[in-house]
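Here are a few exercises to work through with the model open. Try each one yourself before you read on.

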Amino acid sequence: MKPKQFLWGASLSAHQTEGAVNEDGKIPSVQDTRIRNNPNIADFSVAVDHYHRYKTDIKMLKDANITALRISIAWTRIINRDGSINQLGLTHYDHVIDELINAGITPIVTTYHFDLPDYLQQSGGWKNRDTVTAYYAYVKVLFEHFGDRVKQWLTINEPNIMLLADQKIVGFHDDAVDRYQSFYNLMIAEKFAIKACHQLVSNAEIGPVPNISYVYPRSSKPEDIRAAMEFNSIRNWAYLDFSIKGRINPIFKAHLHSLGIEMFIQPEDRELVANNVPDFIGLNYYTSATVCFPDENEARSAGVSDQQSEDVYEPKHYKGITNPYLRKNQFNWTIDPLGLQTTLEITNDRYETPILITENGLGAYDELTDSYEIHDQYRIDYLEQHLTAIDSASENGVQVVGYLPWSAIDLISVHEGIKKRYGFIYVDRSDSQLKDLKRYPKDSYYWFKRIIGERS
Ligand code: BG6
């Protein structure tokens, strides 16, 4: 990927912004049917009503000098339950994409962002190879229909996080064998997307979009070093090795073997895997991770108080801990801009492929003042520090082709509803009250506009 100019933009996903869950023939996704542990956080039924207000949102983004917007298309708006095409869904995204192009904003489209059609989950979800077939049919519709206008595509949002995260959120499986089978099928699905995109869209570029965060060891104790090496392979390199190098990462493979699971590229998939290589890497980064070798006498949660590390645990292999050298945000996530530089340089060292930063941002409680302003200096600080890290990585030879922070507008956080805000644009609603959903630019909006103006 070599855009003529650096892409200054922002990101969002369909289910976290659109709402309109029962409109224009949309069928339920796993996000619509998901049972929440906490009933007090907003669901996605209205979200921030982007489905109806996309014109206002795009106008505000254009006014901020943004030149690229990462959106996702909801599979559940495009393909009906019987496999036929929903024309109303295509028409909606025609309007969105045309609006973006007319505003001078390049659309960068993710084909699937955590919102698997629920009926596919009911018949096994990603564990079932039929889901790969269904995905292939779906993405071909996207490339055929939108490929005349959309030239930059992203395959599947964060399969590596789907492997590790709370399964109820992303519609995966609790059993380890099923989970790794699902992971394999997701990696194969991506290969079909790359194949179809290159076949059906002229001058297309397509990349994976994993969440890559370098994993530090807690100490120089050799067991801790090995724990970090192992978790790096599982969290980061397993997916990218498959995507870019067409191989099962050997440390990942050995880890699976120790769990009694064998993973190899099936003979019938070998040609597909070898011949369909992405054009760039889309990379989501929020913070780094730190692990230690788990002491058998230590409880799973001992020493863990940051949300990013809580789920990181495999007895006898690794355990997530809070990095004592890092500050935390209001939601208990550590902040590590230098970790972004390290992550970019190591990713470049391994893959030598251009990198588009497709997510990076700060979830925070924002306050709308009586004069309808939002003073989010903490977000400006976070983004400034991460931009400095990107600049340093670029000086050290990493080809970073764009920066698309999360998120363009406030949206419903996957884990914590709307109280955790990421946007440059504030949306006036709370978890319990829809209010008027009016949009207000935050201080970070004006800051980003100035940065883009100065650096374009
Ligand atoms: C990324 C996802 O991993 O993390 C986004 O792609 C998500 O969809 C973001 O919103 C932040 O996580 P959360 O839980 O704060 O929404």
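Below are three tasks on a predicted model, each with a worked solution.

**Exercise 1.** Find the secondary-structure element that holds the annotated active-site residue, and decide whether that residue is buried or exposed.

*Solution.* Start with the record: an unreviewed UniProt entry puts the feature "active site" at Glu-359. Next, look at the fold around that position: Glu-359 sits in strand β13, which covers residues 355-359. Now check the accessibility. Glu-359 has a relative accessible area of 4%, and the cut-off for buried is under 20%, so Glu-359 counts as buried.

**Exercise 2.** List the residues that Glu-359 touches beyond four places in sequence, then pick out a polar partner for its side chain.

*Solution.* First, gather the contacts: Glu-359 touches Arg-70, His-113, Asn-157, Glu-158, Leu-283, Asn-284, Tyr-285, Tyr-286, Leu-404 and Trp-406. Then go for the polar pair: the side chains of Glu-359 and Arg-70 make a polar contact at 2.9 Å.

**Exercise 3.** Describe what surrounds the ligand, and work out how much of its accessible area the protein covers.

*Solution.* Count the shell first: 15 residues surround the ligand, with Glu-158, Val-414, His-415, Lys-420 and Tyr-422 the closest. By type, the shell splits into six nonpolar, six polar and three charged residues. Now go through the polar distances. A side-chain N or O atom of Glu-158 is 2.5 Å from a ligand oxygen. A polar side-chain atom of His-415 also lies 2.5 Å from an oxygen atom of the ligand, while Val-414 uses a polar backbone atom, 2.7 Å from a ligand oxygen. Last step, the cover: on its own the ligand has 380 Å² of accessible area, and the protein covers 96% of that.

Notes:
Residues are numbered from 1 along each chain as its sequence is written. This is a predicted model: local features need pLDDT of at least 70, side-chain atom pairs count only at pLDDT 80 or more; totals for chains, interfaces and linings use all residues. Side-chain values use heavy atoms; hydrogens and water are left out. UniProt positions are given in the numbering used here, feature names are shortened, and annotations may be inferred rather than shown by experiment. Helices (H or I, at least four residues) and strands (E, at least two) are DSSP runs, numbered from the N terminus. Buried means under 20% relative accessible area, exposed over 50%, partly exposed in between (1.4 Å probe, protein chains only). Contact means heavy atoms within 4.5 Å. A polar contact is a pair of N or O atoms within 3.5 Å; within protein, one must be able to donate a hydrogen and the other to accept it, and residues adjacent in sequence count only if both atoms are side-chain atoms. A residue is near a molecule or strand if one of its heavy atoms lies within 4 Å of it. Accessible areas come from the Shrake-Rupley method with a 1.4 Å probe; for residues, only the protein chains shown count as cover. Ala, Val, Leu, Ile, Met, Phe, Trp, Tyr, Cys and Pro count as nonpolar, Asp, Glu, Lys and Arg as charged, and the others, Gly among them, as polar.
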